[in-house]
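Work through the exercises below with the sequence and the coordinates at hand. Try each task before reading its solution.

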Amino acid sequence: MTDVFRFIRDDEVLGWTVDPYFAYLASIEHRLDPALYAFVSDVDRYNLTSRKSLHDAWLRKLTLMPVDVHAFPSRMRLELEFLGPYHDRIFRLYYDDVLAYGLNQQVRTGHGAQDLLMHEFRLDEQGELLEHVFEFDDGLYLKVACQAMSFEEVMLEVEADDADRSD
């Protein structure tokens, strides 16, 4: 799965370039729920040093489940859980009415956590579905296409020594 992102680029000299991405998000604001737009357009969610960033967050859980096991066809829900980059919060992303998802994992050589490099939120090429794509440092690529997305951020209690060191 190459060229996973449409608007974000990883430049060898400049690093991650996101200006075209934020311009794109502004152009689709009217199509998104205000809370979702506030989340996906928050620069700190992509900033390489922000506590609110998903960059360097560790994937802890990926769950795919039917919403109603008795319904046919069954509507699916996908949930992702990340430990924040400073280990002071949990990010939970919820995708409802999942119509497609894809995982592409290269053979992992390490045993460490799956560390998120970058993510991009967008509409699909027809402009009908929400898509969220992720690239991880170990070669994992993840893409979710759904009708609705929501999120929650849960703060964790950290030891006083840890809080002092991270400021």
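The exercises go from the sheet to the core, then to single residues.

The model is predicted: local features need pLDDT of at least 70, side-chain atom pairs count only at pLDDT 80 or more, and totals for chains, interfaces and linings use all residues. Residues are numbered from 1 along each chain as its sequence is written, and side-chain values use heavy atoms, with hydrogens and water left out.

**Exercise 1. The barrel**

Task: Give the strand order of the closed barrel and examine its pairings.

Solution.
Step 1. Strands here are DSSP runs of E with at least two residues, helices are runs of H or I with at least four, and both are numbered from the N terminus. Two strands pair if DSSP finds at least two bridges between them.
Step 2. The barrel has 6 strands in the order β3-β4-β5-β8-β7-β6, and the pairing is antiparallel. Neighbouring strands of this sheet are turned against each other by 35 degrees on average, direction ignored. The axes behind such angles are lines fitted to C-alpha atoms, for helices over the stretch in contact, and angles run from 0 to 180 degrees between N-to-C directions.
Step 3. Between β4 and β5, which run antiparallel, there are 7 bridges; glutamate 81 stands opposite arginine 92 in β5.
Step 4. β5 and β8 are antiparallel over 14 bridges, and phenylalanine 91 has glutamate 153 in β8 as its bridge partner.
Step 5. Strand β3 (residues 58-66) pairs with β6 in the antiparallel sense over 2 bridges. Here leucine 59 has glutamine 114 of β6 as its bridge partner.

**Exercise 2. The nonpolar core**

Task: Find which residues have the most contacts inside the largest nonpolar core, and which elements supply it.

Solution.
Step 1. A nonpolar core is a set of buried Ala, Val, Leu, Ile, Met, Phe, Trp, Tyr and Cys residues joined through side-chain atoms within 4.5 Å. Buried means under 20% relative accessible area, exposed over 50%, and partly exposed in between (1.4 Å probe, protein chains only).
Step 2. The largest such core has 39 residues, and Leu25, Phe82 and Tyr95 have the most contacts inside it.
Step 3. At least two residues each come from α1 (19-27), α2 (34-40), β4 (76-83), β5 (89-104), β6 (114-123), β7 and β8 (141-155). The largest share, 5 residues, is that of β8.
Step 4. Contact means heavy atoms within 4.5 Å. Leaving out residues up to four places away in sequence, phenylalanine 82 touches, among others, Trp58, Leu59, Ile90, Leu116, Phe134 and Phe136.

**Exercise 3. One face of a helix**

Task: Which residues of α1 are buried, and what do they pack against?

Solution.
Step 1. The buried residues in α1 are Tyr21, Phe22, Tyr24 and Leu25.
Step 2. Viewed down the axis of α1, they fall within an arc of 155 degrees, so they line one face of the helix. The arc is that of the directions from the helix axis to the C-beta atoms.
Step 3. These buried residues pack against α2 and β6.

**Exercise 4. A glutamate in a strand**

Task: Is glutamate 131 buried or exposed, and which side chain does its own side chain contact through polar atoms?

Solution.
Step 1. Glutamate 131 is in strand β7 (residues 130-136).
Step 2. Glutamate 131 counts as buried because its relative accessibility is 7%.
Step 3. Its side chain makes a polar contact of 3.1 Å with the side chain of arginine 6. A polar contact is a pair of N or O atoms within 3.5 Å; within protein, one must be able to donate a hydrogen and the other to accept it, and residues adjacent in sequence count only if both atoms are side-chain atoms.
Step 4. Beyond four places in sequence, glutamate 131 also touches residues including Glu120, Arg122, Asp124 and Lys143.

**Exercise 5. Positive phi and the β4-β5 loop**

Task: Describe aspartate 56, histidine 87 and proline 85.

Solution.
Step 1. Most residues other than glycine have a negative phi.
Step 2. Aspartate 56, in the loop between α2 and β3, has a positive phi of about 70 degrees. It is partly exposed at 28% relative accessibility.
Step 3. Histidine 87 takes a positive phi near 60 degrees in the hairpin of β4 and β5, which has 5 residues between the strands. Its relative accessible area is 33%, so histidine 87 is partly exposed.
Step 4. Proline 85 is found in the loop between β4 and β5 and, at 21% relative accessibility, counts as partly exposed. Its contacts outside four places in sequence include Aspartate 56 and Phe91.
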